[in-house]
Every structure is written in structure tokens, then in C-alpha cells.
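Subject: Structure handover

Hello,

Here is the structure I promised to pass on. My notes follow below it.

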Amino acid sequence: MKIVEVAFDIPVDKTFYYLPGKFSDNIQQGVRVRVPFGRQNKTGIVVSVKNRVNIEGDYKEIIKVYDDIPLLQEEHFSLASVISEKHFSSLGQALFSMIGGLPLKYSASVGADLLLKRVMKPSHQNYSKKYL
């Protein structure tokens, strides 16, 4: 059984775990999801998908997956980690700042164009070497 780690655009440096439910076949790192969060539903970004082995507890299920393809690649997660450590923000805030105001609903062709314009491969290698 899988478990999904999700980060939110909130000033809390913590990720939260959810069950993929009916989305277990197409859930992947870098997609946006709608999940229950307290008394409301929030949009988050999938940070990782793991096998549920060492994680104990009762988890809620993902309500919706917004993206067919990942918006963020591994390089973006590395850069977001550096940003969150150096600039006192959460991982979720750094990830959401990378995708900007990308709409939740878009067609595949429009989505691909928006991705090319808004979410380009970062040149974080230079950033990491300079500031680490």
C-alpha cells in the first residue's frame, strides 16, 4: 500500500501524509492534489510517494489529482529545499512560488505551454554551489 507526502503553501515547515485511494495508479511526485486539511480542503503538491511500511497512523484519502503530468521535477524539489532552508520559508511555500498562479483547470495542450513558460528547469547548480 502506498502513502503520499504532501506539502502546502502555508508557513509550517512540515509535510503531511495521505492515502492515494483511487488515484494510486497515477499519483506521482510534482502533481497538485486536493486533500482534506482540518475542517477544509486544501491544494497541495505531492513531495513523494512511498510504500506504507514504517509510517503508523490513520490517514485520509486524496480527493482529487489536478495534473496528468508532474509540474515540478527533482531539480525543482532540490532548489525548493535550499530556498526553504536559506530564506526561512516552508518547502510548500517554495514549491508553490515556483508554479506561480497556474490555474487548477487547464487542457493538456494549454498546460504544456504554461509549463514551458512558467516552470523551467532551474539553474540551481550555480545557486547551490554559491550559497551552500
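F88 sits in the loop between α1 (74-86) and α2. This is a predicted model, so please read everything here in that light. Phi of F88 is near 55 degrees, which is a positive value in a residue other than glycine. Its side of the story continues at the surface: F88 has 79% relative accessibility and therefore counts as exposed, since the cut-off for exposed is over 50%.

**Helix α2**

The loop with F88 leads to α2. How many of the residues of helix α2 are buried? The count is 7 of the 9 residues in 91-99, so the helix is largely enclosed by the rest of the structure. L91, G92, A94, L95, F96, M98 and I99 are the buried ones. An α-helix has 3.6 residues a turn, so residues three or four places apart point the same way. After α2 comes G100. The phi of G100 is positive, near 60 degrees.

**The chain overall**

The chain has 4 helices and 5 strands. Their order from the N terminus is β-β-β-β-β-α-α-α-α. There are 132 residues, and 42% of them count as buried. The accessible surface of the chain is about 8000 Å². Carbon and sulfur atoms account for 51% of that surface. Now the contacts with a separation of 6 or more: 65% of these are between residues 24 or more positions apart.

**Strand pairing**

Start with β4, residues 40-51. Strand β3 (residues 32-37) pairs with β4 in the antiparallel sense, over 6 bridges. Two of the bridge partnerships can be named here. V35 is matched with K42 of β4. P36 is matched with N41 of β4. The hairpin of β3 and β4 has 2 residues between the strands. G38, in that hairpin, takes a positive phi near 65 degrees.

β4 also pairs with strand β1 (residues 2-8). That pairing is antiparallel too, with 7 bridges. V6 has V46 of β4 as its bridge partner.

Back to β3, which is joined to strand β5 (residues 64-65) by 2 bridges. These strands run antiparallel. In β5, K64 is the bridge partner of R34.

**S48 in β4**

S48 lies in strand β4. Is S48 buried or exposed? Its relative accessibility is 16%, so S48 counts as buried; the cut-off is under 20%. The side chain of S48 makes a polar contact with the side chain of E5, at 2.7 Å. Leaving aside residues up to four places away in sequence, S48 touches I3, V4 and E5. For context, β1 covers residues 2-8 and is joined to β4.

**Aromatic pairs**

A search of the whole structure finds 5 aromatic pairs. One of them is F8 with Y18: the ring centres are 6.4 Å apart and the planes are at 85 degrees, so the pair is edge-to-face. F8 lies in strand β1 and Y18 in strand β2 (residues 16-18), so this pair ties together parts that are 10 residues apart in sequence. Both F8 and Y18 are buried.

F16 and F37 make another pair. Their ring centres are 5.1 Å apart and their planes are at 85 degrees, so this pair is edge-to-face. It links distant parts of the chain, with F16 in strand β2 and F37 in strand β3, 21 residues apart. Which residues do ring pairs link into a cluster? They are F8, F16, Y18 and F37.

**To recap**

- F88 counts as exposed, at 79% relative accessibility.
- Helix α2 is largely enclosed by the rest of the structure, because 7 of its 9 residues are buried.
- β4 pairs antiparallel with β3 over 6 bridges, and with β1 over 7 bridges.
- S48 counts as buried, and its side chain has a polar contact with that of E5.
- F8, F16, Y18 and F37 form a cluster through ring pairs.

Best wishes

Definitions and conventions:
Residues are numbered from 1 along each chain as its sequence is written. This is a predicted model: local features need pLDDT of at least 70, side-chain atom pairs count only at pLDDT 80 or more; totals for chains, interfaces and linings use all residues. Side-chain values use heavy atoms; hydrogens and water are left out. Buried means under 20% relative accessible area, exposed over 50%, partly exposed in between (1.4 Å probe, protein chains only). Two strands pair if DSSP finds at least two bridges between them. Contact means heavy atoms within 4.5 Å. Accessible areas come from the Shrake-Rupley method with a 1.4 Å probe; for residues, only the protein chains shown count as cover. Rings of Phe, Tyr and Trp (its six-membered ring) pair if their centres lie within 6.5 Å; planes under 30 degrees apart count as stacked, over 60 as edge-to-face and the rest as tilted. A polar contact is a pair of N or O atoms within 3.5 Å; within protein, one must be able to donate a hydrogen and the other to accept it, and residues adjacent in sequence count only if both atoms are side-chain atoms.
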